[in-house]
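Here are some short exercises to work through with the model open beside you. Try each task before reading its solution.

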Amino acid sequence: MDRGTTGRNQETGAPEGDFVTVRDGTEAAVSARPRPADAGALRRAAHPALDTAMTDVVPAEEALSRKEQKREALYVSRIKVHPKDVRGTIRTIKWLVLAACLAVYYIGPWLRWDRGPDAPSQALLLDFPNRKFYLFWIEIWPQEIYYLTALLIVAALLLFLATSLAGRVWCGYACPQTVWTDLFMWVERRIEGDRNARIRLDKAPMSAGKFAKRSAKHGIWMVIALLTGGAWIMYFYDAPTLVGEFFTGQAPTAVYFFVGLFTATTYLLAGLAREQVCVYMCPWPRFQAALLDDDSLIVTYEHHRGEPRGKHKRGDSWDGRGDCIDCTQCVAVCPTGIDIRDGLQFECIGCGLCIDACDTVMDKVERPRGLIKFDSERNQALIARGEAPTRWTKRIVRPRTIVYAVLIVAVLTAFLTSLSTRSALDLTVLRDRNPLYVTLSDGSIRNGFTVRIINQHHETRVFALTLDQVAQAAFTVPGLVERSPGPILLEAGPDTVVSHRVFVSLPPEAVDGSARSVTFVVTDQTDGSSDAYATTFRGPE
Amino acid sequence: MADQPEIDRLTGQKTTGHQWDGIKELNTPLPKWWLYVFYASILFSLVYVVLYPAIPTLTGYTRGILGYDQRVQLEASLAEQAAARAQYIDRIAASDLADIQSDAELATFALAGGQTAFADNCVPCHGLGGAGQDGGYPSLADDDWLWGGTLDDIHQTLQVGIRADHPQTRTSMMPAYGVLNMLDEGQIADIAHHVLTLAGDAAEDAEAAARGAEVYNIQCAACHAADGAGNTLLGAPALNDRIWLYGGTHEEIAAQIYEPRHGVMPAWGRLGDDAIKMLTLYVHNLGGGE
C-alpha cells in the first residue's frame with residue numbers, strides 16, 4: 001500500500017543525484033540517502049554555516065517527519081504531531097469547507113418543513129420508533145428503504161469520481177475526522193499557542209500555568225464534543241422538544257446514552273487520537289490507493305525542481321542546486337506529520353497545507369511557487385522529462401471519470417424518476433394459501449385475500465376496492481360488508497397501513513379451470529389516484 | 001528462520017529478522033496503544049471468565065461468580081409473557097363470545113390464540129385454515145355447517161364433540177339402508193338421482209329421479225327436509241347445495257345411502273374454557289361463520 005515511498009518519485013523524478021530509477025533494482029539509489037533516524041543531524045552537519053544564516057528568512061527549527069522519527073522496535077510510542085499554523089489559499093479553502101460542514105451538521109436538525117398537523121415538521125428526521133425517514137419533501141417508509149440504497153450508491157460514486165479527479169479531497173477536507181480534528185487543533189492553538197509553544201509546553205514540568213492551559217483546552221474540547229454528540233441525536237428526534245427534555249431530565253435513557261457515547265468518541269477521536277485514526281484505524285487510505293491513477297491530483301513535491309535540496313543564504317546563487325531550501329516547513333504544518341518530499345504516502349490525507357507552507361517560503365526566497373502542489377503523477381513525469389504537461393481537459397475527461405459520471409447520472413435519474421412518480425398510495429394483496437379455494441353452498445368459488453392499503457397522505461382517505469374487469473365478483477369483509485358486488489369502501493387513517501381480510505367469490509363459470517388471474521384495483525375517493533395489484537384466483541380443477 | 005534484523009537496502013527500513021524462503025519481512029512497527037488495547041482485551045476476557053459461565057469441564061462448566069444462567073433468563077421472560085397474556089385471558093374467561101368478538105383488541109388476541117390452538121389440535125383432520133379433507137373431514141371455511149355455524153353452535157360442538165365419549169355429545173345416525181335391506185339397490189339409485197336434482201342439476205334420468213323422490217319423501221325428508229335443506233339440530237347435512245362431505249357423484253351418493261359413514265370428532269373440553277372460546281372465534285372467522 002505504501003507505494004509512494006518506494007519507487008514512484010524516483011521513477012518520475014530527478015535524473016540527478018541520489019534519485020535514479022529503482023524499478024530495475026538499482027541499490028545505489030537509496031543507499032546513498034541519509035538514514036531516516038538521523039536525517040536531521042546529517043543535514044545540520046552538512047550545512048553548519050547555513051543553519052544559522054537562514055534564521056532571518058524562515059524559522060530555524062527542524063521538523064522531523066514520521067518516517068525519520070520512527071524507531072526500529074516492533075512497537076513504537078506515538079510520535080506526537082504538533083502541526084504549525086499556516087496561512088494561504090488552501091488553508092482558507094479548508095476553513096470554508098470546515099465552516100460549511102459544521103454549519104450543515106449543527107443547523108440541519110433545526111430546519112423546519114411543514115407536512116401538516118399529523119406529521120413531524122422537522123426537515124431532516126430519521127424517525128426510528130415509527131420507522132419513517134423524512135428528508136425535506138421526501139418521505140421514506142420501511143418498504144421504500146431501497147431509496148436509501150440509491151443515495152448510498154450515489155454517495156459512493158461521487159466519492160469515486162472526486163478521488164479519481166482530485167485525489168483524497170474527502171480525507172483532507174470533508175471527512176468528519178478531518179473537520180473535527182481541525183476544529184480541535186484550532187482551539188488548541190488559541191489556548192496553548194503555535195507549534196513551538198506547544199512543544200515547549202509538552203516538555204515543561206506541570207505548573208499552575210500549564211495546568212490552567214490544559215484544563216481550558218480539555219474543557220472546551222468537552223463542550224464541543226457534547227455539542228457534537230447532542231446534535232447527532234437531534235436527527236432522530238424532534239430537535240426543539242429534545243433540547244427541552246434533555247435539560248429537564250425527561251429525555252429517554254437511550255438519548256443520554258448516545259449523547260454520552262458520541263461525546264466520548266468525538267473527544268477521543270478528534271482531541272486525542274487525531275492522525276492515529278487516519279494512519280492506523282481507517283481502512284479508507286488503504287483502498288483509496290486503488291482508486292487513484294496517474295491522472296488523479298495528488299499533493300506532490302517536484303523532485304526535478306527541488307533537488308538537490310540544501311540550505312540557502314540570501315544572495316547565494318541558485319545555479320546547480322534545487323529550489324528546496326530544506327526548511328522543513330512542509331513537515332511542520334502537516335497534520336499527520338509526514339514529509340511530502342518522500343513522495344506519495346498512505347498517511348497523506350491530501351489536505352495540501354504543505355502547499356501553502358512551501359508557497360510562503362518560496363515567496364520569501366523569491367523563487368516561483370508550486371514546488372509542492374496538486375498535480376498528477378503523469379504530469380510530473382512529463383515535466384521532469386521536459387515535455388509539456390497534459391491539458392487539464394484531457395486530465396479530467398478520461399474513460400474512468402466518464403464511466404463514474406455516467407453512472408452517477410443514471411442512478412440519480414432512476415432515483416429521482418422513481419421518487420417523483422411514486423404514489424402516496426400502495427396496494428398489496430396476499431392470497432390465502434390454506435385453503436386455496438372454498439366451494440360455497442351455491443357452487444360459487446371463494447378465495448380469501450389479505451388486502452393491505454398504505455395511505456401516505458397526512459389525512460384520512462377512503463378507498464374503493466374492486467376487481468378489474470370481473471363483473472360477477474362478490475366481496476365479503478368480515479364485520480364490514482357481506483357479499484357485496486363492490487366496489488367496497490375501505491378507510492385508512494393518516495399515515496397508516498390498513499389490512500383487511502377480503503373474501504371474493506366468483507361463479508364457477510367465471511373461474512373456468514383451476515386458476516385465473518385477477519387484478520385488484522384500489523382508488524382514492526379524494527383525488528382519484530389508484531393502484532393495482534395482480535394476483536391469482538384459484539378454483540377446483 | 002530468525003536472523004539478525006538488518007536494513008533493507010531498497011527501502012531503508014529495518015527488517016524484523018524473519019525470513020521465509022529468502023523473503024524478508026519489513027518491520028513496520030505497530031503503535032504501542034494498539035498493544036495496550038490488546039492487553040486490555042485479554043484483561044477483559046479474564047474478568048469475564050471469572051464473572052460468567054465460561055469453561056467446559058468433564059461434567060459441566062464453570063458457573064462464574066455472578067451466577068448468570070440463560071435458563072433463568074428464559075424462565076423470567078416466559079413468566080413475563082404469561083403475565084402479559086394473563087390480563088387478556090382473564091377478560092376472555094369473563095366475557096361471552098359475542099362480546100369478545102366485538103372488542104377489537106380482545107378479538108385480535110383471541111384469534112391469535114385460536115390459531116395456535118387450531119394448528120396444534122385441529123389441523124390433522126380439518127387442514128390448515130380449516131380447508132377440510134376428502135373422506136369426511138368437513139371444510140370449516142365454507143358456508144355449510146353440519147351442526148350450525150353460529151358462535152354458540154361452534155362452541156357447543158367443540159365442547160361436546162361429535163359421536164364422542166362426552167355424555168351430551170352431538171350424535172346422529174343415518175340408517176344403513178342397503179346393508180339392513182331397508183331399501184333395494186334400485187331404490188337407492190333412484191334416490192341418488194333425486195338428491196342430485198335437489199342441488200339444482202338437471203336429472204340424468206328423470207324417471208328414476210321421480211321414483212326416487214317418492215321414496216325420499218318417505219325415508220329421508222324427516223331429517224334432510226323435503227327440499228334437501230338439512231337440519232343442523234340433528235346434524236343432517238344439506239343436500240341442496242354444492243358441498244358434499246363424501247363426494248357428489250351419483251355413485252358416491254348411492255354408496256352413502258347404502259352404508260353411511262359417520263365422522264367422529266373428540267370433545268375438546270380438556271383444552272380449557274379459554275382455549276375453546278378462542279378456537280370458536282377462530283373457526284367462526286375462517287370465512288363461514290354465521
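**Exercise 1: the chain interface**

Chain A and chain B bury about 2600 Å² between them, with 59% of it from carbon and sulfur atoms; buried area is the accessible area (1.4 Å probe) that two parts lose on being put together, summed over both. This is a predicted model, in which local features need pLDDT of at least 70 and side-chain atom pairs count only at pLDDT 80 or more, while totals for chains, interfaces and linings use all residues. Residues are numbered from 1 along each chain as its sequence is written, chains are lettered from A and ligands numbered from 1 in the order in which they are written, and side-chain values use heavy atoms, with hydrogens and water left out.

Task: describe the contacts between chain A and chain B.

Solution.
1. Start with contact, meaning heavy atoms within 4.5 Å: 31 residues of chain A touch 30 residues of chain B.
2. Next, look for salt bridges (a side-chain nitrogen of Lys or Arg within 4 Å of a carboxyl oxygen of Asp or Glu). The rule finds zero across this interface of chain A and chain B.
3. Finally, count polar contacts (a pair of N or O atoms within 3.5 Å; within protein, one must be able to donate a hydrogen and the other to accept it, and residues adjacent in sequence count only if both atoms are side-chain atoms). Chain A and chain B have eight such residue pairs, both residues at pLDDT 80 or more.

**Exercise 2: two domains of chain B**

Task: find which three residues of domain 1 of chain B supply 60% of the area it buries against domain 2 of chain B.

Solution.
1. Place the domains, whose bounds come from an automatic or database domain assignment: domain 1 of chain B is 74-164 + 266-284, and domain 2 is 185-258.
2. Their centres, taken over C-alpha atoms, are 33 Å apart.
3. Together these domains of chain B bury about 800 Å², 62% of it on carbon and sulfur atoms.
4. The three residues are B:Asp144, B:Leu146 and B:Trp147.
5. Across this domain interface of chain B, the rule finds zero salt bridges.
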